[in-house]
Each structure stands twice: as structure tokens, then as C-alpha cells.
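I opened this notebook to keep a short record of what I looked up in one structure. The entries are grouped by topic.

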Amino acid sequence: MTKIYGSGKNAVTALDGVSLAVRRGTFLAIMGPSGSGKSTFLHCAAGLDRPTRGEVVLGDIRLAGLGEELLSEIRRDRVGFVFQSYNLLDSLTVADNVGLPFRLAGTPVPTDRVRAELAGVGLADLDDRYPGQLSGGQRQRVAIARALVTAPDVIFADEPTGALDTRSGKQVLELLRGVVDRTGQTVVMVTHDPVAASHADAVTFLADGRLAGELTRPTPDQVADRMTRLGDW
Ligand code: ADP
Ligand code: MG
């Protein structure tokens, strides 16, 4: 797909003919220098934004043909998104944050599902706290529980460990790895960190909005070496 922001003299080609298939039930990392189009790719793939040309197919659903209403239904039911900055609502408790996708959909919140997801990310006892009372790693685990609570086919994560210390980051990566291994859901994660990328089954590299190679079963050293050659460091 191709994504062009703006038009005329101000046009920026963020993605230039990127074609990528992600196998169901796998964990893919996407790496590349800053500005290479990683977030743009993730937003288009998740239906948060539309590509200028080309199309996104999620399972058997072509997003391009969908109107706004159906698209937001797909986003809600089939896709989970995790951001670097957590994007929790500070005025809601942990449990209410996790139940938010149901509230937004106007359907009853399945409190046992919420509880189970919180237990799954190791936060069963913190359900009535507020985000402001949690560490960064705990907040990101709440965000992951919220992404998982609708049982989506695929979870997109944009630098989910970017704001975390090594230890909390490792917990988040092991959670995402476990989701793929236990439930067969698909995870696509953008990261800057070769160690984070090594938790994935494969890494795809982007440079200047184009595909720039891939590694399967990546080691941190292989990833770092490839990134150096892309000119990131
Ligand atoms: P990455 O996540 O790899 O750092 P992005 O996908 O955020 O890269 O950005 C790719 C390119 O598109 C950059 O040149 C960026 O400045 C540009 N870009 C991103 N979002 C917008 C936007 N909303 N409007 C205009 N240009 C944008
Ligand atoms: Mg980005």
C-alpha cells in the first residue's frame, strides 16, 4: 500500500508500495529508522487510517470496501491496539478502562471477562485503582488487557515498550509472546529495540517508506547489525 499525507508541494509519501502479509498466529516485529513509515503502516493495517492506494485485508475482510460504521465495528471486534503512551483514561478505574471497548459499543460489560484479562496480565488485585496510581509497566499491562478483552484476531502495538524500563518491558514482551503462543492470536509490533524484536518470530525492516528486508527467528545481534546498515544509529 501507499500512503501520502497532504497534497501538492506539501505531500509526504510515508509508505511507498509496501506489500506485507502477516501469517495468522505469528508475532511480527517492524523496525526501521525514525520517519520510515512504521506507525503509518500500523495505523493503516489496523483501520485507524486509510491508505491512499492499495488495500488492507484482515482475515477475509477487505477494509477498503467498508463504510465508517462497519470499519469502526471491525476495529472494535477484530483488532486491538496498544500505544507507547498507554492511552488509558485517568478518570476511570483499571477495571473500567479494560471494559471500555464494551461501554463504547453500548453493550453490557462482561465483568468476568474483564477480571480474567486483568488476572492474565498479573493485575487481578489492582482493578479498582486509577491509572495515576500505577507504574508505567502496570499501565501498559492494563492497556494490553483492554486490547485483549474483545478477543481480537490481531493486536497492533506501536513501540509498546518504548517508555518502559528493561524489566517492565520484558514483562510486556513476554505477555505478547504468550498471547501468540497460547491463543493463536496475531501480534504486529513496531519497536526500536533489537532485544524487543527478538521476541518476535520475524522482523520486517522499513526504510523511507519501503520494505528493506526481513529476518526470521531474529537474534538481538542480527537485528542490531541490520539496523546499523539501515543507518539508524
Ligand atoms: P515512524 O513511525 O517510522 O517514525 P511515521 O509513520 O510516523 O514514521 O511517519 C512517516 C513519515 O510520514 C514521516 O516523514 C512523517 O513526518 C510523515 N507523517 C506522519 N504522520 C503524518 C501526518 N499526519 N501528516 C503529515 N505527515 C505525516
Ligand atoms: Mg512511529
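The entries below go through the sheet, the helices and a few single residues.

**Entry 1. Status of the model**

I note at the start that this is a predicted model.

**Entry 2. The sheet as a whole**

I looked up the strand order and found an open sheet of 6 strands, ordered E6-E7-E8-E3-E9-E10, with mixed pairing. The edges are formed by strand E6 (79–83) and E10, each of which pairs on one side only. I also noted that neighbouring strands of this sheet are turned against each other by 20° on average, direction ignored.

**Entry 3. Strand E8**

I then turned to E8, residues 186–190, and asked how many of its residues are buried. The count is 5 of 5, and the strand is mostly covered. I recorded the two directions of its side chains: Thr186, Val188 and Val190 point one way, Val187 and Met189 point the other way, and all are buried.

On pairing, I found that E8 and strand E3 (residues 27–31) are parallel, with 4 bridges. In this pair, Ala29 stands opposite Met189 of E8. E8 also runs parallel to strand E7 (residues 154–158), to which 5 bridges join it. Here I noted Val154 opposite Thr186 of E8. Between these two strands the chain passes from E7 through helix H7 (residues 166–183) to E8, and I recorded this β-α-β crossover as right-handed. A further bridge partner is Met189 in E8, which is matched with Ala157. Met189 thus appears in my notes opposite Ala29 and as the partner of Ala157.

**Entry 4. Strand E7**

I asked which residues cover the two faces of E7. Val154, Phe156 and Asp158 lie on one side, Ile155 and Ala157 lie on the other, and all are buried. Because 5 of the 5 residues of E7 are buried, I describe the strand as largely enclosed by the rest of the structure. E7 pairs with E6 in the parallel sense over 5 bridges, and Gly80 stands opposite Ile155 of E7.

**Entry 5. Strand E3 towards E9**

I followed the sheet onwards from E3 and found that E3 and E9 pair in the parallel sense over 4 bridges. The bridge partner of Ala29 in E9 is Val203. I set this beside the earlier note that Ala29 stands opposite Met189 in E8.

**Entry 6. Helices on the sheet**

I looked up which strands helix H1 (residues 38–45) lies across. They are E3, E6, E7, E8 and E9, and H1 runs at about 155° to E7. H6 lies across E6 and E7 and runs at about 165° to E6.

**Entry 7. Helices H6 and H7**

I next examined the packing of helix H6 (residues 136–148) on H7: the angle is about 15° and the axes are 9 Å apart. Angles under 35 degrees count as roughly parallel, so I class H6 as roughly parallel to H7. The crossing of H6 and H7 is right-handed. The contact brings Gly137, Gln140, Arg141, Ile144 and Leu148 of H6 against Ser168, Gln171, Val172, Leu175, Leu176 and Val179 of H7.

**Entry 8. Leu58 and Lys3**

I located Leu58 in strand E4 (residues 57–58). Its relative accessible area is 13%, so Leu58 is buried. Leaving aside neighbours within four places in sequence, I found Leu58 in contact with Ala45, Leu63, Ile74, Val79 and Val154. Of Leu58 and Ile74 I noted that they are 16 residues apart in sequence and 9.2 Å apart in space, C-alpha to C-alpha.

Lys3 lies in strand E1 (residues 3–5). I asked whether Lys3 counts as buried or exposed. Its relative accessibility is 9%, so Lys3 counts as buried. Beyond its neighbours within four places in sequence, its contacts include Val12, Leu15, Cys44, Asp49 and Arg50.

**Entry 9. Positive phi values**

Most residues other than glycine have a negative phi, so I looked for exceptions. Glu159 has a positive phi near 50° and is not a glycine. Glu159 lies in the loop between E7 and H7 and is buried, with a relative accessible area of 16%. Asp208, also not a glycine, has a positive phi of about 50°. I found Asp208 in the loop between strand E9 (202–207) and strand E10 (210–216). Its relative accessibility is 66%, so Asp208 counts as exposed.

Notes. Residues numbered from 1 in each chain as written. Chains lettered and ligands numbered in written order. Predicted model: local features only at pLDDT ≥ 70, side-chain atom pairs only at ≥ 80, totals over all residues. Heavy atoms only, no water. Buried < 20%, exposed > 50% of the residue type's maximum accessible area, 1.4 Å probe, protein only. Pairing = 2+ DSSP bridges. Right-handed = clockwise from strand over helix to strand, strands pointing away. Contact = heavy atoms within 4.5 Å. Axes fitted to C-alpha atoms, helices over the stretch in contact; angles between N-to-C directions. Parallel < 35°, antiparallel > 145°, perpendicular 65-115°, else oblique. Left-handed = near helix turned anticlockwise from the far one by under 90°.
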